[in-house]
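This briefing sets out the fold, the principal pocket, the salt bridges and a surface patch of a single protein chain. The sequence and structure are shown first, and the points follow by topic.

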Amino acid sequence: MVSPKLTPLGVAVLELLHERPMHPYEMAQLMRERYAGNRVKLKAGSLYHTVDRLLRNDYLEIIETQRDGRRPERTVYAMTEAGRDAFVQRARQMVGDIAEEYPEILSGLAVLDELGRETALLELEHRSTKLRAAIAADQVILERVRRDGTPEIYWLDVRYAAAHREFELTWVEQLYADLSEGRIPLRGHAADPKLELVKESHDRKTG
């Protein structure tokens with residue numbers, strides 16, 4: 001029987017359980033503190049669903065339940081030997097294999113010609129603005145983990161994401177320049193007529 005494939009969130013859960021047994025609330029707290037939200041979708045519902053799935057697949061075991069005053073009981077989980085083996089196998093695939101991923105930007109670039117020049121440039125400018133904000137946030141995180149003395153091996157994912165966004169910003173800015181200066185001509189639809197009228201009116205006023 002083929003073992004169920006671990007999701008990125010499942011890997012993140014087992015990653016934490018290498019340290020010690022935990023309950024899901026503690027897992028969520030640590031993931032937020034360690035910026036795991038940069039690489040997995042971290043929602044309470046999906047986390048509990050993932051823990052339940054790992055338990056059903058015998059990758060986790062319940063070792064105790066805790067009660068703190070009137071708060072609901074918290075179930076503490078530990079990783080099983082099967083969970084450890086599945087974790088290692090999936091981690092090796094994640095590092096060594098090239099996954100088939102389909103970022104939306106690729107589909108967007110494929111239809112850029114149909115947007116028209118002005119709209120294409122406007123949306124590329126929006127993307128650049130958002131990338132700059134994300135890069136600034138990355139730098140805050142990187143400075144924080146360096147200041148805290150966190151060993152670099154534990155924030156390679158943050159470094160990779162930051163470097164990827166910096167590369168994308170450089171690439172998008174170059175594409176913007178190539179389109180705006182005519183080095184890459186758009187050959188499909190003409191620019192949005194409404195935007196062209198606004199541009200012509202602006203040119204007349206400033207000309």
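The chain has a secondary structure of 9 helices and 2 strands. The model is a predicted one. From the N terminus, the order of elements is α-α-α-β-β-α-α-α-α-α-α.

**Overall architecture**

- Of the 207 residues in the chain, 29% are buried.
- Among contacts between residues at least 6 apart in sequence, 62% join residues at least 24 apart.
- The accessible surface of the chain amounts to about 14,500 Å², and carbon and sulfur atoms account for 54% of this area.

**Helix H2 and its surroundings**

- Helix H2 spans residues 24-33, and its buried residues are Pro24, Glu26, Met27, Ala28, Leu30 and Met31.
- These buried residues of H2 pack against two helices, H1 (8-17) and H3 (44-56), and against strand E2 (74-79).
- An α-helix has 3.6 residues a turn, so residues three or four places apart point the same way.
- Just after H2, Tyr35 adopts a positive phi of about 60 degrees.

**The largest pocket**

- The largest pocket has a volume of about 2,300 Å³.
- Its lining comprises 50 residues, and those nearest the pocket centre are Asn38, Arg39, Asp157, Tyr160 and Ala161.
- Two or more lining residues are given by each of H1, helix H4 (81-96), helix H5 (104-110), H7 and H8.
- Helix H8 provides the largest share of this lining, with 12 residues.

**Salt bridges**

- The whole structure contains 12 salt bridges.
- Side chains of opposite charge can pair when their charged atoms come close.
- Glu19 and Arg20 form a salt bridge through their side chains, at 3.7 Å from N to O. Glu19 is partly exposed, with a relative accessible area of 41%, and Arg20 is also partly exposed, with 35%.
- A network of salt bridges links Glu19, Arg20, Glu26 and Arg34. Within this network, Glu26 is also one of the buried residues of H2.
- Arg117 and Glu118 are joined by a side-chain salt bridge of 3.0 Å, N to O. Arg117 counts as partly exposed at 30% relative accessibility, whereas Glu118 is buried because its relative accessible area of 17% falls under the 20% cut-off.
- Glu173 and Arg132 meet in a salt bridge of 2.9 Å, N to O. This pair links distant parts of the chain, with Glu173 in helix H8 and Arg132 in helix H7, 41 residues apart.
- Both partners of that bridge are partly exposed: Glu173 has a relative accessible area of 33%, and Arg132 has one of 42%.

**A nonpolar surface patch**

- Ile153, Tyr154 and Leu156 make a nonpolar surface patch of about 370 Å².
- Within this patch, Tyr154 lies in the loop between helix H7 (117-148) and helix H8 (156-180).
- Tyr154 has a relative accessible area of 64% and is therefore classed as exposed, the cut-off being over 50%.
- The two helices that flank this loop are also among the elements that give two or more residues to the lining of the largest pocket.

How values were computed
Residues are numbered from 1 along each chain as its sequence is written. This is a predicted model: local features need pLDDT of at least 70, side-chain atom pairs count only at pLDDT 80 or more; totals for chains, interfaces and linings use all residues. Side-chain values use heavy atoms; hydrogens and water are left out. Patches are made of residues with over 30% relative accessible area and no salt bridge: like charges are joined within 9 Å, nonpolar side chains (Val, Leu, Ile, Met, Phe, Trp, Tyr) within 5 Å. Accessible areas come from the Shrake-Rupley method with a 1.4 Å probe; for residues, only the protein chains shown count as cover. A salt bridge is a side-chain nitrogen of Lys or Arg within 4 Å of a carboxyl oxygen of Asp or Glu. Helices (H or I, at least four residues) and strands (E, at least two) are DSSP runs, numbered from the N terminus. Buried means under 20% relative accessible area, exposed over 50%, partly exposed in between (1.4 Å probe, protein chains only). Contact means heavy atoms within 4.5 Å. On a 1 Å grid over the protein atoms alone, a cavity is a set of points where a 1.4 Å probe fits but cannot get out, and a pocket is an open set with protein on both sides within 12 Å along at least five of seven lines; lining residues have an atom within 4 Å of a point. Grid points are joined across faces, edges and corners, and a volume is the space filled by probe spheres set on the points.
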